[in-house]
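Colleague: I have a structure to go through and some short questions about it. Can you put it up?

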Amino acid sequence: MKWRVLLGELRKGLKVKTSSEPFQAGPHDFVLDVCVDGWDQDDKEYCACYVRYVGRKKVLARASIAVANGPTWRAEDDTLFAPVADVTARTRAGTKRFVRREKLDAICDAAGYLTFSATVDVSEATLKKNGQVRLAPASAGVVELMTEDEIAAELEKVEREEIAGAADQKTNVNKAALGTQLYRNAKFTAGVVPIVMRYMKLRGKVSKMRKKVKHVDREAYYDERTTMWDEEHEKAAAEIRKLFSKMGGLYNKLAQDWATRDGLLPQAWVDELKGSFEAMPPRPWPVMKKSLLEGLEGEGVPPVRGDLSGLDRYFKHVDEKPLAAASIGQVHLANAHGSGDRLVVKAIYPEIRRYLVADLANARRAAQQITKLMDIPVKGTIDSIMDEQVDSFPRELDLRIEARHLRKSRLFFHRHGIASKIAIPVVVDELSSSSVLTQTFLPGKTLSSVDRDDPAVKAKAVQAVVDIAMGIGMTMFRERFFHSDPHPGNIMLLGDACKPGLIDFGQCTGLTKEQLRTVCHVVILLRTRSPSLIDKALAMGDGDFEFNTDDPELKMALMYYFFDSSTTGSGAVRPEAMEFLKDAIQHNPAIMPVLTDTPREMIFYGRVCGTLRKSFELLDADVSVISLWYLEAKKALRAINRAAPDNVSSALLLLPDDPDGLVYIVERLPTWTTNAIKAASSFGDKIAELAGETAASRAVPEAFVAADVQRIVGLQRKLFAASVLLAGVYLFAEPLVRGFAALVGAACFGFVAAAAAGAKPPSLSKIKGPLHLLFPDQALFAPPKKDAVAPPSF
């Protein structure tokens, strides 16, 4: 146990102790007592420390106590700990002369806080007597009290494991037998071909109807076409969902991914595939029991109880009814030996690895055929999405990778102060393998199963999703690592307060610095909500993002559609543009504006935005992650650009922390300038006309008329320019005053510093020369005339 505390938070006074939170050793609870001003009258100059038992049974154990950068104490022999109520037998382990008070003060002054550590080793005799064994999750309860150096060391350890894991013997993702592949291909083809044929037939039917009816009754044609496409999309969506569910495994994962691709698939498909975020049909317990045992015993995980058999060697109890059936595995609740803690055990479905290669090939082929059939020009984007899935899905089938993702996330969350806001499970390494992942249980409900009809619960749930979005953004922009699958089934709400929790870390993504630069560019650009700025920046992007349209507003709508949780961009996207997109996707894919190509690093970023959008939509909330992440993106981009400057990055970093006011001016400045020039020209022409009429009526010579008109027009233009300048001063009065005050203050400090250094102020005669160059017409600044010098006489 580690306990960090400020010296001022320790209670003072003889025998007045401060106690830590309870910590566990095996099934027993202990606390650390600190008496900062001593235990008795003779030892007031010492700090006393004791480990105290707060359980209900007697236990034989050996305790040790330490303070960071200070002394360590360890009991030489086992101590019999007993309940507090047992006055005759109760005891505590520690020392009343742990550290001198002045040394404790010095430690606190140096570090700013005190870090006490306490460990209790329960004797094996006691454990065996109670029929229990030692089981301490390696990462449980430690991260919350780690220092930054300890976090860095633990992250380095995880990174070494990842490097070593890259060379591990891979889990069995080899191709299945040829007969199995052919069967899977035939089964999938039999389900897809009828859908493809009906779409082909519909396209021909619509084409014929357009030739016959469109020029006769355009409105009737559009109504009939819309009805036909809507009916076919709904029918095809139900069949695709049924096919994916029947195929199982990877197809359920694909269904979840497709459900977030609003800008690529008809809305009927997206709505139907949303159901894939809910629990899948469970597998029978005998099948999963065999998978669990093979994943633990078959991979050489040491048993907890060697005197038992089967799963009882690892768990005290495992619920046969699944807690949840996921896309690639099933989750069961279990109880640990010894402590009896509730654990969550996740096991991979036995057949999913055998089918992986064939299923990925089928999925790529189906996606390409459907988009080609619907005449959607998104081959580049589809290829990027499928490339990421081919790369990421096999890694999800090695649960050691997910365990490392969990450990990294816990460390990152603690480093950035969000561990107390967002709960994530703790991996039990002693009961995990490549096929089985054991972790602590988060008691709560998934976002998709909470009572959303209760306004109070709904408001708490929205805030919980916002907190999770902020947590993902922090790790993304600060650590270049993030959870990329926060769909409603992976977001937990714990207790009545609906504290957010996040589960299923199989899909986590890391970014290089240049990839993060691209993400930062997109976030900062979209935060401006400026069509002209976004369009110009995309044109400067060297083909990173390619579109099949030149319309700036449609480009802007597509960018928000793919890369923000709010498709409206918090009101930045015109409703007409969004309606055009939705209608084209649903009824006329051939003219649908799309992102024809996108950087690969934006695929999982887009998935995060899409899954968060589904979570917010479930709560009828329109929240923009772009607004939540803008400042984090600026900080990250500033750090990247400092090391490797880039023109686009430098320009974006000029934007203020709240760019709305500046963007408002930039967007309207061309219009304002044009109108001002027109007004000035019109005003000048009017003055010239009046001046000419006045001069003519006075019958003065024509030369004088021209000179008078020119002088009046010039004067009026100067007056107009002065009024514009005064308006600018009025609008920007506050920053101008602040800047002038800062300049005067700097000058005053400079004069004082010069005077302190012994410098003398220059005389007026010495500075009149330079001032005369600036103000040649001012006699005040004319340099003094030198007296004539008489020639020497000889």
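Colleague: Which residue in E14 does Val331 stand opposite?

Modeller: Val331 stands opposite Lys346 in E14. Keep in mind that this is a predicted model.

Colleague: How many bridges join E13 to E14, and which way do they run?

Modeller: Seven bridges join E13 to strand E14, residues 342-348, and the two run antiparallel.

Colleague: What sits between those two strands?

Modeller: E13 and E14 form a hairpin with six residues between the strands. In that hairpin Gly338 takes a positive phi near 85°.

Colleague: Which residue is the bridge partner of Ala324 in E13?

Modeller: Val331 is the partner of Ala324 in E13. Strand E12, residues 324-325, pairs with E13 in the antiparallel sense over two bridges. A hairpin through three residues joins E12 to E13.

Colleague: And what about E11?

Modeller: Strand E11, residues 317-318, pairs with E13 over two bridges, in the antiparallel sense. Val318 has Ala334 as its bridge partner in E13.

Colleague: Why is E13 largely enclosed by the rest of the structure?

Modeller: Strand E13 covers residues 329-335, and seven of the seven are buried, so the strand is largely enclosed by the rest of the structure.

Colleague: Which residues are on which side?

Modeller: In a regular strand the side chains alternate between the two faces of the sheet. For E13, one side has Gly329, Val331, Leu333 and Asn335. The other side has Gln330, His332 and Ala334. Both faces are covered, since all of these residues are buried.

Colleague: Changing topic. How many residues does the largest nonpolar core have?

Modeller: The largest nonpolar core has 139 residues. Phe477, Phe563, Tyr605 and Trp629 have the most contacts inside it. Helix H12, residues 455-479, gives the most to this core, with eleven residues.

Colleague: What is Trp629 in contact with?

Modeller: Leaving aside neighbours within four places in sequence, Trp629 is in contact with Ala469, Met470, Ile472, Gly473, Met476, Phe477, Val523, Tyr605, Val608, Cys609 and Leu612.

Colleague: What other core lies apart from the largest one?

Modeller: Another core, of 31 residues, lies apart from it. Leu7, Leu10, Ala61 and Ala118 are among its residues.

Colleague: Last topic, the whole chain. How many helices and strands are there?

Modeller: The chain has 23 helices and 22 strands. Of its 794 residues, 45% count as buried.

Colleague: What about its surface and contacts?

Modeller: The accessible surface of the chain comes to about 40400 Å², and 57% of that belongs to carbon and sulfur atoms. Among contacts with a separation of 6 or more, 68% are between residues 24 or more positions apart.

Definitions and conventions:
Residues numbered from 1 in each chain as written. Predicted model: local features only at pLDDT ≥ 70, side-chain atom pairs only at ≥ 80, totals over all residues. Heavy atoms only, no water. Core = buried A, V, L, I, M, F, W, Y, C linked by side-chain atoms within 4.5 Å. Buried < 20%, exposed > 50% of the residue type's maximum accessible area, 1.4 Å probe, protein only. Helix = DSSP H or I, 4+ residues; strand = E, 2+ residues; numbered from the N terminus. Contact = heavy atoms within 4.5 Å. Areas by Shrake-Rupley, 256 points an atom, 1.4 Å probe, with all protein chains shown as cover. Pairing = 2+ DSSP bridges.
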